[in-house]
Amino acid sequence: MRYLDAAATTPVRREVLEAMWPFLTGEFGNPSSHHALGDAAARALESARRDVAAAVGGRAAEIVWTSGGTEADNLALKGLALARPRGRHVVTSRIEHPAVLEACGYLERHHGFRVDHLDVDARGVVDLDQAQRLIGPETAVVSVMLANNEIGTLQPVVELAEIARRHGALVHTDAVQAMGAVAVDVADLGVDALSLSGHKLGAPKGSGALWVRRGLALEPLVHGGGQERGRRSGTENVAAAVGLAAALSLAIEVTPHGPRPRGPVADLARARDEFVREVLAGAEGAFLTGDPVRRLPGHASFCFPGTAGEAVLLGLEQDHGIVCSSGSACAAGSDDASEVLLALGIESEVARTAVRFTASTPADLEGVAAAVVDAVRGVRSLAG
């Protein structure tokens, strides 16, 4: 099997499992307990906290453990917005992860916030001119993802943060897809909160964190024993935290100039570009979605008019042993056209022909273009 759905999840790396194993077996203590087992767990938790903070250019005290990117997004949006003693206004984009969009909807329905959504162009890049008009003294939080999970487009978060700072608004970015693929440094980005998830990087599902700039008030979502300095109650999952830290250490090098990806990012981007060229040359009418240049290095997403995306997926898996995706894995069984592609101006019927390929290494893409062209032709021939 050839696995090309890394944007959905990745297998747990052996080194990560080995790092976690002691805390799933003999070192099972509660980090809040005041005895030897508890102290060992607490030390491991704080060591992992330091490593995760270093991977984003932050400080250990700024890391809050979560169950993944979805909880981190919710804690950032709700926690920052509800703790801000200023206007009830949030700005986000039309192509955010559902965790951000639904959190904004919650603030709107239950707390009287006004939510504005930034438009995107045909490449999926947010409209900075519109951001200049929408962000103002009443804006509490601006939330725009660093890289889109469906189309791979990288967003101008630095420029958005500069606009927000001029008005005193806080900035959150979902960096779940970007970690390990591009440089992620909170100082360079100028953001106030950043979401992470482990299972995109070789850590287990259910591991994640939120980086929040020191000194910011954060209203907790979960109340109880006051763990995580009162920001997220509940006994911490030490093994998951250790696994996330190990995965980030494997994916990211901490240098004097800030954290940088360790992997063959440039080689992966070149292999991706060649893959895109071959698919577009062989599959008549196909087109790439997202920005052709400012995109994640292992990400290639297409529309194949005259097909059905699910049919192309089936042909690739059954006939060629290639596993990929028709879009976001977070849209829980929905067969509706992707809201991300609709926001790009793609017609609903064409949006349903989308197929996404997300690779981890250049070798993942070897020989795949020919199989894609064959699968698309096969579906079209069956459709007459």
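**Reasoning through a predicted fold**

Reader: What is the strand order of the open sheet of three strands?

Author: In this predicted model, the order is E11-E12-E14, and the pairing is antiparallel.

Reader: What makes strand E11 and strand E14 edge strands?

Author: Count their partners. Strand E11 (287-288) and strand E14 (354-358) each have a single partner strand, so each has one side without a neighbour in the sheet.

Reader: How do you know that E12 and E14 count as paired?

Author: The cut-off is at least two bridges between two strands. Strand E12 (residues 299-303) and E14 are joined by five bridges, so they pass it. They run antiparallel, and one facing pair is His299 opposite Thr358 in E14.

Reader: What lies across this sheet?

Author: Helix H9 (residues 265-282) does: it lies across E11, E12 and E14, at about 15° to E12.

Reader: Let's turn to the other sheet. Which strands are at the edges of the open sheet of seven strands?

Author: The order there is E2-E8-E7-E6-E5-E3-E4. Strand E2 (63-66) and strand E4 (114-118) are the edge strands, each pairing on one side only. Neighbouring strands in this sheet are turned by 20° against each other on average, direction ignored.

Reader: Why is the pairing in that sheet called mixed?

Author: Strands of a sheet can pair either parallel or antiparallel. Strand E3 (residues 89-93) runs parallel to E4, with five bridges between them. By contrast, E2 and E8 pair in the antiparallel sense over four bridges, and strand E7 (residues 193-197) is also antiparallel to E8, over five bridges. Both senses occur, and the pairing is described as mixed.

Reader: Which residues stand opposite each other in these pairs?

Author: Ser93 has Leu118 in E4 as its bridge partner. Along E8, Leu210 stands opposite Val64, and Gly208 stands opposite Ser197.

Reader: What makes strand E8 largely enclosed?

Author: Five of the five residues of strand E8 (residues 208-212) are buried, so the rest of the structure largely encloses this strand. Gly208, Leu210 and Val212 point one way, while Ala209 and Trp211 point the other way. That fits a general pattern: in a regular strand the side chains alternate between the two faces of the sheet.

Reader: Why is Val56 called buried?

Author: The cut-off for buried is under 20% relative accessible area. Val56 has 0%, so it counts as buried. Val56 sits in the loop between helix H2 (36-55) and E2.

Reader: What does Val56 touch, leaving aside its neighbours within four places in sequence?

Author: Its contacts are Met179, Val184, Asp185, Val186, Leu194, Leu196, Trp211 and Pro259. Leu194 is 138 residues away from Val56 in sequence, yet their C-alpha atoms are 8.8 Å apart.

Reader: Which residues touch the most other members of the largest nonpolar core?

Author: Among its 67 residues, those are Val52, Trp65, Met179, Leu194 and Leu248. Helix H8 (residues 238-251) gives the largest share, 10 residues. Another core, of 27 residues, lies apart from this one and includes Leu4, Leu268, Val279 and Leu316. In soluble globular proteins, nonpolar side chains tend to be buried together.

Reader: What surrounds Trp65, leaving aside its neighbours within four places in sequence?

Author: Trp65 is in contact with residues including Leu45, Ala48, Arg49, Val52, Ala241 and Leu244.

Reader: How do you know that H2 and H8 meet?

Author: Contact means heavy atoms within 4.5 Å. On that test, residues of H2 including Leu45, Ala48 and Val52 meet residues of H8, among them Ala241, Leu244 and Leu248. By class, this contact has 12 nonpolar, one polar and one charged residues. The axes come within 8 Å and cross at roughly 35°, and the crossing is left-handed.

Reader: How do helix H3 and H4 pack?

Author: Helix H3 (residues 69-83) and H4 pack at about 35°, with axes 9 Å apart, and their crossing is right-handed. Members of this contact include Leu77 and Ala81 in H3 and Ala103 and Leu107 in H4. By class, the contact has nine nonpolar, three polar and two charged residues.

Reader: Where does Helix H4 lie?

Author: Helix H4 (residues 98-111) lies across E3, E4, strand E5 (139-143) and strand E6 (170-174), and runs at about 155° to E3.

How values were computed. Residues numbered from 1 in each chain as written. Predicted model: local features only at pLDDT ≥ 70, side-chain atom pairs only at ≥ 80, totals over all residues. Heavy atoms only, no water. Helix = DSSP H or I, 4+ residues; strand = E, 2+ residues; numbered from the N terminus. Axes fitted to C-alpha atoms, helices over the stretch in contact; angles between N-to-C directions. Buried < 20%, exposed > 50% of the residue type's maximum accessible area, 1.4 Å probe, protein only. Left-handed = near helix turned anticlockwise from the far one by under 90°. Nonpolar A, V, L, I, M, F, W, Y, C, P; charged D, E, K, R; others polar. Core = buried A, V, L, I, M, F, W, Y, C linked by side-chain atoms within 4.5 Å.
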